[in-house]
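Reader: Please explain the terms used for this model, setting each value against its definition.

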Amino acid sequence: MTDSIPANIAFGHVQRAPEHFISRSDVALVNRSSEEDRRQFFRKAFAMASAAALSPSLVRAQSVGEGDPAILQLPEHSKGLGQSVAARPYGQPSKYEANLQRRQSPGLTRVGAASVSFSPLQGLFGIITPSGLHFERHHQGWWDIDPTQHRLMINGLVSRPMVFTLDELMRMESVSRMHFIECGANSGMEWGNVAVPTVQYTHGMLSCSEFTGVPLIKVLEYCGVDLKKGRFILAEGADGSSMTRTIPMEMVESGEVLLAYGQNGEMLRPENGYPLRLVVPGVQGVSWVKYLRRIEVGDQPYGTKDESVHYVDLMPDGQHRQYTSIQECKSVITTPSGGQKLLNTGFYNITGLAWSGRGAIKAVDVSVDGGRNWKPARLEQPVLSKCLTRFSLPWVWDGKETILQSRAVDSTGYVQPSYQTLRGVRGSKSVYHNNAIQSWQVSAAGEVNNVQVNAS
């Protein structure tokens, strides 16, 4: 049973957010500025881009009798030959979609090689992120590594330390699974207050792919792993930052952790760790070590630089929590969302994404009145463990100012918290693991803005 569109209700129309409102030269300029100057520059540039944005050509539902020229007059593509087969040996997006790109946030980092690009969640459908729009987080830049020269070493508490070529790993029995990956700092700029205007920048360090590879436990067993003493692994990357992360053996024993070489039906992209990366479902992205070259089995956590000094949670009492890697239940409405504009009253399909590092999404509730009332959203299939889930809710906007929110519940019963609830435990000066409810304010003029609602 599906929800039908209300009779005699006009279709609403959404004007896209101004996606490309900061140039590369602007990024360089902002990176040389103070923090407050960067914030002001960002807000001003976005406001100017929003004011200059032209309304898209609106395609309104019409009765046949009105004589739509797009129906009555044959376009050129209906009267002649098109492009030849395989004119583009590797397919590319339409030129009309060229503005949908992953983008770097100005002022976030001083060095481009150690920075982030954000996935354009506002323009994506379903749950799979196109490989070319997958978010990036690099600590020392990305490399395109010769797969014939890449090696994976297994050592530590194993009876047979070994070195594998990529070809040897690819000849082992493989599995393919869909999982989300989220940076631990996703939404981190919003901990204290509203900082960025659109969902691309608030939640865009999030992507979801089908990954193909070999379960790590199978390779460790082949090497004679000592599972009684070896209760942790150390994963090491081959990039210049020597990224190293500790992972509990229980996660590996579950069979979920993969030595992955495939993504969305093809080899990994260089930006995503080609030719080999670790996939650790439900855990923050920094543990999904790219350019993977070594796995060491040990009897205790390793306490490396990126888990002792970085990727720790600052608590209100001044102490830091360490090894808090699980990405808790979270959701966000992607349409309507910040920077977009509702051009008229009428019917809209509220849609967004929900995910949890502890299992599957059980339910998503949506509020169209700032959290006073909640309605159950429809979960689109498939609904998988540690994977993005698409949700939607039909809504008729009456032209009045309101606030849109979503609240997810996962299979453990955990409910996504409000900012008031989360800050009551974590304070407001953290960076990582912000999974608070996101609020989008719709003004009477239809403009959608990022706001924060502190109600519990």
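The exchange below takes up burial, packing, cysteines, cavities and backbone geometry in turn.

Author: This is a predicted model, in which local features need pLDDT of at least 70 and side-chain atom pairs count only at pLDDT 80 or more, while totals for chains, interfaces and linings use all residues. Residues are numbered from 1 along each chain as its sequence is written, and side-chain values use heavy atoms, with hydrogens and water left out.

Reader: What makes a residue such as Cys223 count as buried?

Author: Buried means under 20% relative accessible area, exposed over 50%, and partly exposed in between (1.4 Å probe, protein chains only). Cys223 has a relative accessible area of 0% and is therefore buried. Of the 456 residues of the protein chain, 50% count as buried. The chain exposes about 22,000 Å², of which carbon and sulfur atoms supply 54%; these areas come from the Shrake-Rupley method with a 1.4 Å probe.

Reader: How are the helices and strands of the protein chain identified, and how many are there?

Author: Helices (H or I, at least four residues) and strands (E, at least two) are DSSP runs, numbered from the N terminus. The protein chain has nine helices and 26 strands.

Reader: Why are the buried residues of helix 9 said to be on the same side?

Author: In helix 9 (residues 419-426), the buried residues are Tyr419, Leu422, Arg423 and Arg426. They cover an arc of only 95° around the axis, so they are on the same side of helix 9; the arc is that of the directions from the helix axis to the C-beta atoms. The buried residues of helix 9 pack against strand 15 (313-314) and strand 16 (320-321), where contact means heavy atoms within 4.5 Å. Gly424 and Val425 are exposed, on the face of helix 9 turned away from its buried side. Just after helix 9, Gly427 takes a positive phi of about 80°.

Reader: How do you know that Cys387 is in no disulfide?

Author: A disulfide is a pair of cysteine sulfur atoms within 2.5 Å. The structure holds zero disulfides. For Cys387, the nearest cysteine sulfur, that of Cys208, is 3.6 Å away, and Cys387 is in no disulfide. Cys387 is buried, with a relative accessible area of 1%.

Reader: What makes an empty space a cavity, and how many of 30 Å³ or more does the structure hold?

Author: On a 1 Å grid over the protein atoms alone, a cavity is a set of points where a 1.4 Å probe fits but cannot get out. Grid points are joined across faces, edges and corners, and a volume is the space filled by probe spheres set on the points. The structure holds four cavities of 30 Å³ or more, and the largest has a volume of about 270 Å³. Of the 23 residues that line the largest cavity, the closest to its centre are Arg137, Arg277, Gly285, Trp288 and Lys290; lining residues have an atom within 4 Å of a point.

Reader: Why are some phi values and peptide bonds singled out?

Author: Most residues other than glycine have a negative phi, and most peptide bonds are trans. Ala86 is not a glycine, yet has a positive phi of about 60°; Ala86 is exposed, with a relative accessible area of 58%. Tyr291, also other than glycine, has a positive phi near 50°, but Tyr291 is buried, with a relative accessible area of 1%. A cis peptide bond joins Tyr274 and Pro275, with omega about 10°. The peptide bond from Gln381 to Pro382 is cis, with omega near 0°.

Note on methods:
On a 1 Å grid over the protein atoms alone, a cavity is a set of points where a 1.4 Å probe fits but cannot get out, and a pocket is an open set with protein on both sides within 12 Å along at least five of seven lines; lining residues have an atom within 4 Å of a point.
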